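Got a few minutes to poke at a structure together? Take a look first, then we'll go through some of the labels people put on such things and ask what earns them.

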Amino acid sequence: MSAMFFYGTLCDLELLEIVLDRSRDTIEMYPARLMDHGAYWAKTQNYPVIIPEIGRVTQGLYVPNLSDIDIKRLDFYESGFVYEPETVRVHTDLGEHEVLVYYCHDQSVVSDRPWNLADWQTSWGITIRRAIRELMDQFGKIDPQDFDRWYPFCEYRAHAWAIAQADDRERAENGPGDCAVEILAHDSAYTKFYALKDVTLRHRRFDGSMSEPLDRALFVSRDAAMVLPFDPVGDRILLVEQFRMGPWGRGDRLPWMYEPIAGMIDLGETPIEAAEREAKEEAGLTDVVLKPMFEGYPSPGASTSYFHFFLGLCDLSGYDDGIGGLQNEGEDIRTHIMSFDAAMDLVMTGQCRVLPLTTALLWLAQYRNHDLVS
């Protein structure tokens, strides 16, 4: 059996339960103090590091009697943060104890912000617990060093989940009764840039009964922000054209698509912040007034993908077609300026093959002469 001192995110008991895969009631733990050490937020990150600091005290948890499997799970969790176990002595009401603590020796990552667990729980708790649950689903399946590069995408997907959880707007649908959904089994079949999950579940039926067990596959993505740039004076729009994996995988002979500006929402971003960033990255547009259009699921039968659409009011009079995108993200994007009528011709003649673009153009056709875009 081993003993450890936790001073950071693992002091969040819900996260600790996820990492150790057992209830907090089964985890022996006591408040503890690590003397002559300070805990600080890591620079630009959502977790802490500790450093030797005479006279400072770091509060945390002393957790004795950890099993070999507990330690393996903890090592798997900590692998992505470049921490290594170090021996220290901590003080508890039961006396002093020699324990291990996960220690980061790269002092360049230390910020000047003292670590505060309550702040982390408020700002990051919901998102990071969800991300770590996805991470720990991979325990025993993969080498953690191979997974480190993919963990940020777990956080991105968890951020989309947190956005959905925080959305308390009333909906047109009512659902059946208590809208219960029971997960009977789940497995993460694939977790990298996207994730694929196999799920067995039951849900409430409209007659009040529970459904039979349903075996389903779920494609898990991030939320995306989309922008349709529109010049109301010149009655022109801007579209982007780029290679797309989906049409290529289907066998489309020309897998280059006209689309609105679009991009995934990064960790901590709001949809409108992502829309502003993507307009600049993909098309070089910096002076854009963004107005919400609509949002929703493009393929709700098997995908978590969710699109937040914005109309980008701008002046396109001095804009020329060009090549854009971020090279470090493999983007190769051509921009096109066309009249609204020419764009609508693509829709009405069936040449517009990207349905979100079709939807946005139809929305704009309905409202472009109203006060919304004046």
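What follows is a set of questions and answers about this predicted model.

Q: What makes up the secondary structure of the chain?
A: Run through the chain and you get 10 helices and 17 strands. The C-alpha atoms fill a box of roughly 80 × 55 × 40 Å along the principal axes.

Q: How much of the chain counts as buried, and how much of its accessible surface belongs to carbon and sulfur atoms?
A: Of the 374 residues, 45% count as buried. The accessible surface comes to about 20300 Å², with 51% of that belonging to carbon and sulfur atoms.

Q: Why is α1 called roughly parallel to α4?
A: Helix α1 (residues 13-20) and helix α4 (residues 125-136) pack at about 10°, with axes 9 Å apart. Angles under 35 degrees count as roughly parallel, so α1 is roughly parallel to α4.

Q: Which residues meet where α1 packs on α4?
A: From α1 come E14, L15, I18 and V19, and they meet I128, R129, I132, R133 and M136 of α4.

Q: And why are α1 and α2 called roughly perpendicular?
A: The axes of α1 and helix α2 (residues 68-78) come within 9 Å and cross at roughly 110°. The label covers 65 to 115 degrees, so α1 and α2 are roughly perpendicular to each other. On the α1 side the residues are L15, I18, V19 and L20, which meet D70, R73, L74 and Y77 in α2.

Q: Which residues of α1 are buried, and what covers them?
A: The buried ones in α1 are L15, L16, I18, V19 and L20. Their cover includes β1 (2-6), β3, α2, α3 (117-123) and α4. Just after α1, D21 takes a positive phi of about 60°.

Q: What makes L74 buried?
A: L74 has a relative accessible area of 0%, and buried means under 20%, so the label fits L74. L74 sits in helix α2. Leaving aside neighbours within four places in sequence, L74 is in contact with M4, F6, L10, V19, L20, L66 and Y102.

Q: How far apart in space are L74 and A283?
A: Their C-alpha atoms are 44 Å apart, with the two positions 209 residues apart in sequence numbering.

Q: Is G55 buried or exposed, and how do you know?
A: G55 is exposed: its relative accessible area is 63%, and the cut-off for exposed is over 50%. G55 lies in strand β3 (residues 48-66). The C-alpha atoms of G55 and A42 are separated by 21 Å, at 13 residues apart along the chain.

Q: Why is H91 called partly exposed?
A: H91 has 24% relative accessibility. Buried would need under 20% and exposed over 50%, with partly exposed in between, so H91 counts as partly exposed. You'll find H91 in strand β4 (residues 84-92).

Q: What is H91 in contact with, beyond its neighbours within four places in sequence?
A: P31, A32, R33, M35 and E96. As for L34, its C-alpha atom is 6.6 Å from that of H91, although the two are 57 residues apart along the chain.

Q: What makes the phi of N65 worth pointing out?
A: Phi of N65 is near 60°, a positive value in a residue other than glycine. N65 is found in strand β3. At 43% relative accessibility, N65 falls between the 20% and 50% cut-offs, so N65 counts as partly exposed.

Q: Where does D235 lie, and how do you know that D235 counts as partly exposed?
A: D235 lies in the loop between β10 (223-231) and β11 (236-243). Its relative accessibility is 21%, while buried means under 20%, so D235 counts as partly exposed. Phi of D235 is near 55°, again a positive value in a residue other than glycine.

Q: What share of the contacts between residues at least 6 apart in sequence join residues at least 24 apart?
A: That share is 63% for the chain.

Q: How far apart are the mean positions of the positive and negative charges?
A: They are 4 Å apart, for 34 positive and 61 negative charges.

Methods: Residues are numbered from 1 along each chain as its sequence is written. This is a predicted model: local features need pLDDT of at least 70, side-chain atom pairs count only at pLDDT 80 or more; totals for chains, interfaces and linings use all residues. Side-chain values use heavy atoms; hydrogens and water are left out. Helices (H or I, at least four residues) and strands (E, at least two) are DSSP runs, numbered from the N terminus. Buried means under 20% relative accessible area, exposed over 50%, partly exposed in between (1.4 Å probe, protein chains only). Contact means heavy atoms within 4.5 Å. Accessible areas come from the Shrake-Rupley method with a 1.4 Å probe; for residues, only the protein chains shown count as cover. Lys and Arg count as positive and Asp and Glu as negative; His and the chain ends are not counted. The place of a charge is taken as NZ of Lys, CZ of Arg, CG of Asp or CD of Glu. Axes are lines fitted to C-alpha atoms, for helices over the stretch in contact, and angles run from 0 to 180 degrees between N-to-C directions. Angles under 35 degrees count as roughly parallel, over 145 as roughly antiparallel, 65 to 115 as roughly perpendicular and the rest as oblique.
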